[in-house]
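Dear colleague,

Please find the structure below, handed over for your records. My notes on what was found in it follow directly after.

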Amino acid sequence: MDGAKAARDNGCDFVVALGGGSVMGCAKCIALMAANPGDIWDYSLSKNGGKKTAEFDAIPVVAITTSAGTGSKVDIAAVI
């Protein structure tokens, strides 16, 4: 949520993710929340999540991976 706030406050047009799967998941959450109201957990599909559908598309993510194998940079899911 801090990353999303920084992106909004600074008028960022995209998020750069440099790293492995955790970084990719974090970047996706930042990108989603930079464009949508509420808390990330409002959109979580987990048992205790709000399961809301995002009103707006996430801002773009530029993914630069430093690991290989999971494909986490190309799917819609993020692990929190």
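A polar contact, as the term is used here, is a pair of N or O atoms within 3.5 Å; within protein, one atom must be able to donate a hydrogen and the other to accept it, and residues adjacent in sequence count only if both atoms are side-chain atoms. Such a contact, of 2.8 Å, joins the side chains of Ser44 and Ser46.

Please note that this is a predicted model, in which local features need pLDDT of at least 70 and side-chain atom pairs count only at pLDDT 80 or more, while totals for chains, interfaces and linings use all residues. Residues are numbered from 1 along each chain as its sequence is written, and side-chain values use heavy atoms, with hydrogens and water left out.

The loop around Ser44

Ser44 lies in the loop between helix 2 (21-35) and strand 2 (61-65); helices (H or I, at least four residues) and strands (E, at least two) are DSSP runs, numbered from the N terminus. The relative accessible area of Ser44 is 11%, so the residue counts as buried (buried means under 20% relative accessible area, exposed over 50%, and partly exposed in between, with a 1.4 Å probe and protein chains only). Leaving aside neighbours within four places in sequence, Ser44 is in contact (heavy atoms within 4.5 Å) with Gly49, Gly50 and Lys51.

Lys51 belongs to the loop between helix 2 and strand 2. Its phi is near 55 degrees, a positive value in a residue other than glycine. With a relative accessible area of 43%, Lys51 is partly exposed.

The salt bridge

How many salt bridges does the structure hold? There is 1, a salt bridge being a side-chain nitrogen of Lys or Arg within 4 Å of a carboxyl oxygen of Asp or Glu. Asp9 forms a salt bridge with Lys5, and the closest N and O atoms are 2.5 Å apart. Both Asp9 and Lys5 lie in helix 1 (residues 2-9), 4 residues apart, which is about one turn of the helix. Asp9 is exposed at 53% relative accessible area, whereas Lys5 is partly exposed at 44%. In general, side chains of opposite charge can pair when their charged atoms come close.

The nonpolar cores

A nonpolar core is a set of buried Ala, Val, Leu, Ile, Met, Phe, Trp, Tyr and Cys residues joined through side-chain atoms within 4.5 Å. The largest has 9 residues: Ala7, Val15, Ala17, Met24, Ala27, Ile30, Ala31, Ala34 and Ile59. Strand 1 and helix 2 are the elements that give two or more residues to this core, and helix 2 gives the most, with 5 residues. Apart from this core lies another, of 6 residues, among them Ala4, Leu32, Ile40 and Tyr43. As a general matter, nonpolar side chains in soluble globular proteins tend to be buried together.

Two neighbouring positions of helix 2 deserve a note. Met24 is found in helix 2 and is buried, at 2% relative accessibility. The C-alpha atoms of Met24 and Val62 are 9.5 Å apart in space, with the two positions 38 residues apart in sequence numbering. Gly25 lies in helix 2 and is likewise buried, at 6% relative accessibility. Not counting residues within four places in sequence, Gly25 is in contact with Ala78 and Val79. Ala31, on the same count, is in contact with Val15, Ala58, Ile59 and Val61.

Cys12 and the nonpolar surface patch

Cys12 is placed in the loop between helix 1 and strand 1 and is partly exposed, at 37% relative accessibility. Beyond residues up to four places away in sequence, Cys12 touches Ala7 and Ile59. The C-alpha atoms of Cys12 and Pro60 are separated by 9.9 Å, and the two residues are 48 apart along the chain.

On the surface, Phe14, Val16, Leu18, Val62 and Ile64 make a nonpolar patch of about 450 Å². Strand 1 (15-19) and strand 2 are the elements that give two or more residues to the patch. Patches are made of residues with over 30% relative accessible area and no salt bridge, with like charges joined within 9 Å and nonpolar side chains (Val, Leu, Ile, Met, Phe, Trp, Tyr) within 5 Å; accessible areas come from the Shrake-Rupley method with a 1.4 Å probe, and for residues only the protein chains shown count as cover. Leu18 lies in strand 1 and is exposed, at 56% relative accessibility.

With kind regards
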